[in-house]
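Open the model in a viewer and keep the selection tool ready. The stops below go in order.

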Amino acid sequence: MRKTIMSVIVAAATTLALGGAGVAAASTHSGGASGIEHFQLMTISATATTSSVIAYGVFTGAGVDHQVSNNVDRFVFSNGTIRVHHSNGKGQQSFNPKTCLLTVNEHGTFLLTHGTGKYAGISGHGTYHLSVLAIGARSHGKCSQTKPPVAYHQVINARGLVSLP
């Protein structure tokens, strides 16, 4: 169970993952803005390859996070995209082999680059916190190491300084 869940967490964490909405809503900002931006990402599927993302602060928008590689993601909004480079998460993880409960609390840093559309020229950096709560599947009364979790909640909250030209 731990190997399966941990591989799912690594994949999800790198999806800074940032979990799975497929609809991007309008995002707005006025040119030449800088300040604190917040991003919240959520998913309820351990096998999702995308996450929903809400941004607010310098600009406001709803979009989808796509994993590009282990430490790179792309936020896709209706009016542009932002590339997010992030560190591997560090923190605590625990797994209860009797109840199959997994908890993960990790933190790391991120860097925003390669904006397109309304986000062309964006720059920024900050920190994130990843929280996962999952319940592993059981097989023959024991926590399974090969099945996806039966319940999975992942929330990533990120905050940092952003500048738009």
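Strands here are DSSP runs of E with at least two residues, numbered from the N terminus. Residues are numbered from 1 along each chain as its sequence is written. The model is predicted, so local features need pLDDT of at least 70 and side-chain atom pairs count only at pLDDT 80 or more, while totals for chains, interfaces and linings use all residues; side-chain values use heavy atoms, without hydrogens and water.

Select I135 to begin. I135 sits in strand 8, residues 123-135. Its relative accessibility of 38% makes I135 partly exposed (buried is under 20% relative accessible area, exposed over 50%, partly exposed in between, with a 1.4 Å probe and protein chains only).

Add L101, L133 and V150 to the selection: together with I135 they make a nonpolar surface patch of about 340 Å². Patch residues have over 30% relative accessible area and no salt bridge; nonpolar side chains (Val, Leu, Ile, Met, Phe, Trp, Tyr) are joined within 5 Å, like charges within 9 Å. A salt bridge is a side-chain nitrogen of Lys or Arg within 4 Å of a carboxyl oxygen of Asp or Glu. Areas come from the Shrake-Rupley method with a 1.4 Å probe, and for residues only the protein chains shown count as cover.

Next, select C100 and C143. Their sulfur atoms are 1.8 Å apart and form a disulfide (a pair of cysteine sulfur atoms within 2.5 Å). The S-S torsion is about -105°, so this disulfide is left-handed. C100 lies in the loop between strand 6 (90-96) and strand 7 (101-113) and C143 in strand 10 (residues 142-143), so the pair ties together parts 43 residues apart in sequence. Both C100 and C143 are buried.

Terms used: Helices (H or I, at least four residues) and strands (E, at least two) are DSSP runs, numbered from the N terminus.
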